[in-house]
Structure formats: structure tokens, C-alpha cells
Amino acid sequence: MFRLNINSVFLKAVKITNKLKYQLRNNSFLFHKIAVMKSVLYILSALFFLSTCNTKDDYIKEIYVNINIDLNLPEYSDLQVSGNSIFIEGGVEGIIIYHGVGNDYKVYDRNCSYEPSLSCSKIDSVDAGIAYCGCCTSAFLLSNNASVLNSPALLPLKEYYWTLSGSQMHISN
């Protein structure tokens with residue numbers, strides 16, 4: 001009959017156990033290595049996305065502005081009435097001149113303060129003293145230092161200095 005040798009069974013069990021321990025030890029090292037690599041990958045991905053969210057171009061650029069206009073010229077006749085505004089060339093995306101009460105004017109850049117690096121990010125219309133961005137839903141109250149009326153913009157429009165001498169307006173930064 002078949003004779004069972006306890007020693008040989010025990011030795012085989014020990015060999016199998018040692019082999020499993022070795023494989024588990026190597027696999028745990030492998031699992032640890034994979035976990036570390038995943039962690040590094042997640043950290044690098046997060047850093048990449050955080051660094052690309054706010055580029056250096058997400059601000060309204062400083063451009064030299066030195067413009068003289070004669071408010072008596074026909075192209076500026078809309079400014080003779082308080083509450084009206086016009087667009088002129090200059091600045092980053094153009095300039096808005098808003099006529100407040102009396103001889104009070106406000107002069108702003110047309111570049112929207114929300115994501116100003118986008119090519120579409122500029123004021124495209126003004127209605128009743130409220131400037132609207134054509135790229136996002138931002139709106140700005142021109143009579144109140146171009147403060148934000150509607151988000152996503154958080155900052156007002158960039159304002160330029162102006163002086164008035166008779167009918168001559170000088171705009172600068």
C-alpha cells in the first residue's frame with residue numbers, strides 16, 4: 001500500500017511556505033513601488049494643472065497710453081450728453097470714454113478683467129452706463145469706477161488718467 005512519509009510532507013509544506021513568503025515579500029515591494037509611483041504621478045499632475053491655471057498673461061497688460069482728442073469733433077459728439085460713452089482706439093483692447101455728470105469723465109480699457117489674456121475678452125457694448133463683456137457674462141458700472149455688477153469678473157476695469165482743457169481731453173496712464 002501507499003505509505004505516507006511525514007517528513008517529506010513536512011519538508012514540502014515548509015518549501016511551499018517559504019516560496020510563498022518570498023513571493024509575498026517581493027510582491028509587497030512591488031505593490032509599495034506601484035503605490036509610490038501613483039502618488040508621485042498624482043502630485044505631478046496636480047502641480048501641472050495648478051501651474052497652468054493662472055498663466056502670467058492673466059492680467060491686463062501695461063501699454064503706454066498718451067492720447068489727445070478734441071471733444072468738439074463730430075466723432076466724439078455722443079460725449080456731449082451725460083451718461084453716454086464711446087469706444088476709441090488705444091490701450092490693450094481699446095478705450096471706453098464715459099461722460100458722467102457735468103465735466104466728469106471716466107476712461108477705461110476695454111479689456112475685461114476676467115481672463116484678460118483671452119482674445120475675446122473685451123467690452124463690446126455699453127448700455128445705460130453698464131459695460132458688458134462679449135466673452136463672459138461680466139458687467140461693470142462705468143459711473144462707479146467700473147465696479148463689477150455681474151460675475152465672473154472680480155476686479156474692475158483698468159482705469160486711465162485724463163485731463164480736460166477746454167474741449168481738449170488728454171488720456172494717459
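**Exercise 1. Strands 7 and 8**

Work out how many bridges join strand 7 to strand 8 in this predicted model, and in which direction the two strands run.

*Solution.* Start with strand 7, which covers residues 139-141. Three bridges join strand 7 to strand 8, and the two run antiparallel. For a concrete pair, look at Phe140: the bridge partner of Phe140 in strand 8 is Val148.

**Exercise 2. The sheet around them**

Find the order of the strands in the open sheet, then say which strands stand at the edges.

*Solution.* Step one is the order: the open sheet is made of four strands, arranged 5-6-7-8, with antiparallel pairing. Step two is the edges: strand 5 (123-127) and strand 8 (147-150) each have a single partner strand, so one side of each has no neighbour in the sheet. Step three is the twist, which averages 30 degrees from one strand to the next.

**Exercise 3. A salt bridge**

Which residue forms a salt bridge with Lys158, and what parts of the chain does the pair link?

*Solution.* Happily, the search is short, as the count comes to one salt bridge. The partner of Lys158 is Glu62, and their closest N and O atoms are 3.2 Å apart, which is within the 4 Å cut-off. Next, place both residues. Glu62 sits in the loop between helix 1 (6-53) and strand 1 (66-70), while Lys158 sits in the loop between strand 8 and strand 9 (161-165). The pair therefore links distant parts of the chain, 96 residues apart.

Now try the surroundings: is each partner buried or exposed? Glu62 has 63% relative accessibility and so counts as exposed. Lys158, with a relative accessible area of 15%, is buried.

**Exercise 4. An aromatic pair**

Classify the geometry of the rings of Tyr105 and Trp162, and locate both residues.

*Solution.* A search of the whole structure finds one aromatic pair. The ring centres of Tyr105 and Trp162 are 5.6 Å apart and the planes stand at 80 degrees, so the pair is edge-to-face; the cut-off for that class is over 60 degrees. Tyr105 belongs to strand 4 (residues 105-109) and Trp162 to strand 9, so the pair ties together parts that are 57 residues apart in sequence. As for accessibility, Tyr105 is buried at 6% relative accessible area, whereas Trp162 counts as partly exposed at 24%.

**Exercise 5. A charge over a ring**

Which residue lies over the face of Phe87, and at what distance from the ring centre?

*Solution.* Go to the ring of Phe87: Arg110 lies over its face, 3.8 Å from the ring centre.

Key
Residues are numbered from 1 along each chain as its sequence is written. This is a predicted model: local features need pLDDT of at least 70, side-chain atom pairs count only at pLDDT 80 or more; totals for chains, interfaces and linings use all residues. Side-chain values use heavy atoms; hydrogens and water are left out. Two strands pair if DSSP finds at least two bridges between them. Axes are lines fitted to C-alpha atoms, for helices over the stretch in contact, and angles run from 0 to 180 degrees between N-to-C directions. A salt bridge is a side-chain nitrogen of Lys or Arg within 4 Å of a carboxyl oxygen of Asp or Glu. Buried means under 20% relative accessible area, exposed over 50%, partly exposed in between (1.4 Å probe, protein chains only). Rings of Phe, Tyr and Trp (its six-membered ring) pair if their centres lie within 6.5 Å; planes under 30 degrees apart count as stacked, over 60 as edge-to-face and the rest as tilted. A charge sits over a ring if NZ of Lys or CZ of Arg is within 6 Å of the ring centre and within 35 degrees of the ring normal.
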